[in-house]
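The exercises below are meant to be worked with the sequence and the 3D view side by side. Each task sentence is followed by a solution that proceeds in steps.

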Amino acid sequence: MQRTALITGVTGQDGSYLAELLLDEGYRVVGMVRRGSSPNYHRIEHIMDRLVLEQGDLLDQVSLIQILRRHRPQEVYNLAAMSFVPTSWEQPVLTAEFTAVGVTRVLDAIRMVDPTIRVYQASSSEMFGKVQEVPQRETTPFYPRSPYGVAKVYGHWITINYRESYDLFAVSGILFNHESPRRGLEFVTRKVTYNAARIKLGLQDRLPMGNLDAKRDWGFAGDYVRAMWLMLQQDKPDDFVVATGEQHSVRELLEAAFGHLGLDYQDHVYTDPQFLRPADVYELVGDASKARRVLGWEPQVSFHELVEMMVEHDLKMLEEKIATGRPPTID
Ligand code: GDP
């Protein structure tokens, strides 16, 4: 029998890669989308004819229940959230509604419609914040440093609590930063690769940045969605850290991206306090040995391969736009 999976946040980076993976695995894929005045389907355009899209919202319990009743999925991947850390200081309560309480709405809807549904919760390395242990693993205490991180800690614990309270097959994946050519332009990796490509093409000369000393464990989103799927294929529900185990600074990211284009970032980058945060996460690096051992998961793309993939993508996209007379910006 064909399995059905529901993805909340299907229009995002991870949603689009996960939808591709599940379609390849033979699933019927239902994607929940939030109504907006202009649709935001560019990441799933190439698979739109193979997806079922349903309007729903993590703020609206009834919409979740209706989608579950209509499609009766065996698996739910809760990837929808307010996901950009700086915005969480601007809209802390809305962040909590989506990123924290929204998880409870999903879990309650599952409990009411069909408690045998397996559910994946997208937790985040931002929960480790001011790190209490290096590298971070499943047992490392949390110390979130932003309203986003705080909301994700709630989402993580409510997932575990519902597993223990109601015997749901509910798992939490603590994913470290994962990037791709589909990453939003506001995140540091894509900001750097896109603007480096623009500088290479002479479209601009300068790039304002924030804290260049921040360090992250950056992996490839395409690799990370496989870990999500594997977590729901296990005999027992459990939580996993997903990471590469390698740490690089924003400065190294700049060196790699600009260097790949034969440029020196120091000729172009300057610090703009606008991009500094009220409280930052200075370093993150994950220990994914449990995921390797239990799930058999391994990252396939290295940091340098990832940066090259993103730079090449952005360069090609901008060159094509210039060649066809379209504005060299992101649609
Ligand atoms: P996050 O780990 O979810 O916050 O992912 P981001 O890609 O937004 O940021 C990663 C790190 O890069 C943070 O520690 C930021 O402070 C740092 N950073 C430095 N300059 C910038 C910038 O211009 N934009 C963003 N988004 N982050 C920056």
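**Exercise 1.** In which sense do β2 and strand β3 (residues 51-55) pair, and over how many bridges?

*Solution.* Bear in mind from the outset that this is a predicted model. Begin with the pair named in the task: β2 and β3 run in the parallel sense and are joined over five bridges. To place this pairing in the sequence, look for valine 33, whose bridge partner in β3 is glutamine 55. Then turn to strand β1 (residues 4-8), which pairs with β2, again in the parallel sense and over five bridges. In that pairing alanine 5 stands opposite valine 29 of β2. Finally, follow the chain from β1 through helix α1 (residues 13-24) to β2, and you have traced a right-handed β-α-β unit.

**Exercise 2.** Explain why strand β2 (residues 28-33) is described as largely enclosed by the rest of the structure.

*Solution.* The step of reasoning needs one cut-off, namely that a residue is buried when its relative accessible area is under 20%. Five of the six residues of β2 are buried, and the strand is therefore largely enclosed by the rest of the structure. The pairings from the first exercise belong to this picture, since β2 has β1 as one parallel partner and β3 as another.

**Exercise 3.** Describe the surroundings of the ligand, starting with the question of which residues come nearest.

*Solution.* There are 18 residues around the ligand, and those that come nearest are Glu126, Lys191, Arg216, Arg277 and Asp280. Sorted by character, the residues of this shell divide into nine nonpolar, three polar and six charged. Next, consider individual distances to oxygen atoms of the ligand: a polar side-chain atom of arginine 216 lies 2.8 Å from one such atom, while for a polar side-chain atom of arginine 277 the distance is 2.6 Å. As for cover, the ligand on its own has 540 Å² of accessible area, and the protein covers 97% of it. The backbone takes part in the surroundings as well, for a backbone N or O atom of valine 188 lies 2.9 Å from an oxygen atom of the ligand.

**Exercise 4.** Decide whether arginine 183 is buried or exposed, and find the side chain with which it makes a polar contact.

*Solution.* First locate arginine 183 in the loop between β7 (178-179) and α6 (188-200). Its relative accessibility is 13%, so arginine 183 counts as buried. Then inspect its side chain, which is joined to that of glutamate 179 by a polar contact of 2.7 Å.

**Exercise 5.** Compare the backbone and the accessibility of arginine 72 and aspartate 167, asking of each where it is found.

*Solution.* Arginine 72 has its place in the loop between α2 (61-71) and β4 (75-78), whereas aspartate 167 is found in the loop between α5 and β6 (169-175). Phi of arginine 72 is near 45°, a positive value in a residue other than glycine; phi of aspartate 167 is near 65°, likewise positive in a residue other than glycine. With regard to accessibility, arginine 72 at 43% counts as partly exposed, while aspartate 167, with a relative accessible area of 68%, is exposed.

How values were computed
Residues are numbered from 1 along each chain as its sequence is written. This is a predicted model: local features need pLDDT of at least 70, side-chain atom pairs count only at pLDDT 80 or more; totals for chains, interfaces and linings use all residues. Side-chain values use heavy atoms; hydrogens and water are left out. Buried means under 20% relative accessible area, exposed over 50%, partly exposed in between (1.4 Å probe, protein chains only). Helices (H or I, at least four residues) and strands (E, at least two) are DSSP runs, numbered from the N terminus. Two strands pair if DSSP finds at least two bridges between them. A crossover is right-handed if, with the strands pointing away from the viewer, the path from the first strand over the helix to the second runs clockwise. A residue is near a molecule or strand if one of its heavy atoms lies within 4 Å of it. A polar contact is a pair of N or O atoms within 3.5 Å; within protein, one must be able to donate a hydrogen and the other to accept it, and residues adjacent in sequence count only if both atoms are side-chain atoms. Accessible areas come from the Shrake-Rupley method with a 1.4 Å probe; for residues, only the protein chains shown count as cover. Ala, Val, Leu, Ile, Met, Phe, Trp, Tyr, Cys and Pro count as nonpolar, Asp, Glu, Lys and Arg as charged, and the others, Gly among them, as polar.
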